[in-house]
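This briefing introduces the structure shown below to a reader who has not met it before.

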Amino acid sequence: THMIGMEILAPAVALMIWTMVMWVWMYATRIPAMSKSPDIDSPAKLVGTTGAGLGSKLPENGNWKADNYNHLHEAPTLFYAVAIVLAILGQGDGMNAFLAWIYTGLRVAHSLVQATANRVMVRFVLFALSSVVLIALIVHAAMIVFV
């Protein structure tokens with residue numbers, strides 16, 4: 001059964017799935033890197049280190065996945081909230097669902113750039129574009145909630 005205004009939940013769930021894909025990729029990269037690192041004699045003996053502290057002992061490109069996983073818990077939290085708000089208001093279809101898919105696509109592209117080539121300007125453009133889309137969704141929600 002399809003309820004009116006709920007289409008926007010699909011890209012939100014897709015981004016959640018992507019976040020878990022990045023989690024798997026992060027550990028698939030970090031665990032072997034920890035085993036090979038000359039600075040870590042035994043991963044089992046690491047005590048009290050932060051992700052950043054660990055990152056200083058690992059190859060830079062191994063940290064890119066972890067950095068991106070963390071980034072997926074920053075601005076996207078607003079995306080999840082606005083998607084739920086728009087769905088509750090019955091406004092998660094049409095243009096808002098389309099914008100949500102664009103947002104999700106831009107965040108996946110941002111992840112792929114950061115986790116591989118990590119070109120900062122490319123990342124910035126993708127982040128800025130996704131932020132503009134997120135602002136549009138928030139404005140749409142505000143126009144309904146405050147009008």
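The points below cover the model, its core, one residue in helix H1 and one helix pair.

This is a predicted model, in which local features need pLDDT of at least 70 and side-chain atom pairs count only at pLDDT 80 or more, while totals for chains, interfaces and linings use all residues. Residues are numbered from 1 along each chain as its sequence is written, and side-chain values use heavy atoms, with hydrogens and water left out.

**Nonpolar core**
- The largest nonpolar core (buried Ala, Val, Leu, Ile, Met, Phe, Trp, Tyr and Cys residues joined through side-chain atoms within 4.5 Å) has 27 residues.
- Ile8, Leu15, Phe79, Tyr103 and Leu137 have the most contacts inside this core.
- Two or more residues come from each of H1, H3, H4 (76-88), H5 and H6 (120-145); helices are DSSP runs of H or I with at least four residues, numbered from the N terminus.

**Pro11**
- Pro11 lies in helix H1 (residues 9-36) and, at 0% relative accessibility, counts as buried (under 20% relative accessible area, 1.4 Å probe, protein chains only).
- Leaving out residues up to four places away in sequence, Pro11 touches Phe79, Ala97, Ala100, Trp101 and Thr104 (contact means heavy atoms within 4.5 Å).
- The C-alpha atoms of Pro11 and Ile102 are separated by 8.7 Å, although the two residues are 91 residues apart along the chain.

**Helices H3 and H5**
- H3 (residues 60-71) and H5 (residues 94-115) pack at an angle of about 155°, with their axes 8 Å apart (axes are lines fitted to C-alpha atoms over the stretch in contact, and angles run from 0 to 180 degrees between N-to-C directions).
- H3 is therefore roughly antiparallel to H5 (an angle over 145 degrees).
- The contact involves residues including Trp64 of H3 and Arg107 of H5.

Definitions and conventions
Buried < 20%, exposed > 50% of the residue type's maximum accessible area, 1.4 Å probe, protein only. Parallel < 35°, antiparallel > 145°, perpendicular 65-115°, else oblique.
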